[in-house]
Amino acid sequence: MNYLGIDFGTSGARAIVIDEQGQIVTQTRHLWANSKNWIECWQTALWSLLEGISLELRSQIEAIAINGTSSTILLTDATGQPVDAPLLYNDARGSTVIKDLHNIAPPHHTVLSATSSLAKLLWMQQLPTFSQARYLLHQADWLAFLLHGQLGISDYHNALKLGYDVEKLEYPKWLENLQIPIKLPQVLTPGTPIREIKPEIAARFGFKRDCWVCAGTTDSIAAFLASGAKLPGEAVTSLGSTLVLKLLSRTRVEDSQYGIYSHRLGDLWLTGGASNTGGAILREFFTDQELITLSQEIDLSKASKLNYYPLLKEGDRFPINDPQLPPRLEPRPDDPKEFLHGLLASMARIEAQGYDLLQKLGADQLTSVYTAGGGAANPTWTAIRQKYLQVPVFTSENTEAAYGTALLAMQSLNQ
Ligand code: ADP
């Protein structure tokens, strides 16, 4: 028995098939061409990912789930046909409606951002095509619809930035009062089996007739699920271009001034924040090869005395909320390995400060940290971070969002 997870991320789409033990059986990839027509591009990607899986494997897949980028939305007509171009996750045209939204949504709500799904939806109401729209769907919802054929279904990870109340599991009154004249999606628990795959899709690709399509999730939550972290106190740090922390907790932690909010994860909450420090600054000074060789030369028995706040430009939000915070990269030693040591240690200090802040705001005590992103491959950095974090630090075996989404599909049928 196999399970298929499909990730629609920022740089491309990927599909991973896992077996019952969670082992990867196959994976396929589709990079985005420079597209002007995202709808066509996503559809092409979906079919090409499915075709990239052998016919034999396809016939053994029990369940499929899809993740998309958070707050990428589109409007469709009554048949599921998009009525206009989608608005992508980073599209900030919704900034023009934020002032109105402040009068409607509770203070500090996650929808109060130019890129939130709700800001985008309100902005879309001015489009001439809006009169043809019947459904609002997220990217993952629409792609899953192409497989199962039922319109108007989403999950509570994608729906968070639409304003859905993930605690009470309902749309809040203030959102209903807006009387948006289209259908907002019915919101399911991520991974819930929605429907068996459409017979024509099963026939076209050779899937079993009773292969289930499940409610999806967002790309960053899928990447968290991939790590294997499950218990309160377990966290995942992503050491990519920026530093992103996610901590599982029994309590919900929100603080909009630091950009901290929580996603629901079953009975737990996934809380986190993102700092502008991270690997992009390392790339300013070192090649990836230098990062490897110089890191190996760092003397771990001596702590670096350098106290930097590495940023590419001024301003950070988490763990220090100060839009004017200046980058601090002085004094700079002549020895490049000393400089690198100072940078790695300073980022570890910021990481520890981030987890301290989450705990101070009420999250569960940190017990262990899994690591993803380019910096996860650096054992010297792991050792330095372990000293600052004072909990075991691991490199995640799996970090692909498609893997996390395949796990979601597997768990959906085995509950
Ligand atoms: P993103 O997807 O956010 O662009 P990745 O997860 O691909 O980032 O990670 C890329 C980052 O990893 C780069 O900014 C780079 O500086 C950092 N990186 C790559 N190799 C190393 C290394 N050996 N040690 C520390 N950082 C590294």
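Colleague: Which helix gives the most residues to the shell around the ligand in this model?

Modeller: In this predicted model, helix H9 gives the most, with 4 residues. The elements that contribute two or more residues are H9 (279–285) and helix H10 (288–297). By class, the shell holds 6 nonpolar, 7 polar and 2 charged residues.

Colleague: What makes the approach of Ser241 to the ligand a polar contact?

Modeller: A side-chain N or O atom of Ser241 is 2.7 Å from an oxygen atom of the ligand. The cut-off is 3.5 Å, so this pair qualifies as a polar contact. A polar backbone atom of Gly279 lies 2.8 Å from a ligand oxygen, and a backbone N or O atom of Gly374 lies 2.9 Å from one. The protein covers 70% of the 590 Å² of accessible area that the ligand has on its own.

Colleague: Why is helix H8 described as largely enclosed by the rest of the structure?

Modeller: Of the 9 residues of H8 (residues 219–227), 7 are buried, and therefore the helix is largely enclosed. Among them are Ile221, Phe224 and Leu225. Just after H8, Gly228 has a positive phi of about 95 degrees.

Colleague: Why is Cys211 called buried?

Modeller: Its relative accessibility is 0%. Buried requires a value under 20%, so Cys211 meets the criterion. Cys41, at 10%, is therefore buried as well.

Colleague: How do you know that Cys211 is in no disulfide?

Modeller: The nearest cysteine sulfur, that of Cys214, is 8.2 Å away. A disulfide requires two cysteine sulfurs within 2.5 Å, so Cys211 is in none. By this rule the count for the model is 0 disulfides.

Definitions and conventions. Residues are numbered from 1 along each chain as its sequence is written. This is a predicted model: local features need pLDDT of at least 70, side-chain atom pairs count only at pLDDT 80 or more; totals for chains, interfaces and linings use all residues. Side-chain values use heavy atoms; hydrogens and water are left out. Buried means under 20% relative accessible area, exposed over 50%, partly exposed in between (1.4 Å probe, protein chains only). A polar contact is a pair of N or O atoms within 3.5 Å; within protein, one must be able to donate a hydrogen and the other to accept it, and residues adjacent in sequence count only if both atoms are side-chain atoms. Accessible areas come from the Shrake-Rupley method with a 1.4 Å probe; for residues, only the protein chains shown count as cover. Ala, Val, Leu, Ile, Met, Phe, Trp, Tyr, Cys and Pro count as nonpolar, Asp, Glu, Lys and Arg as charged, and the others, Gly among them, as polar.
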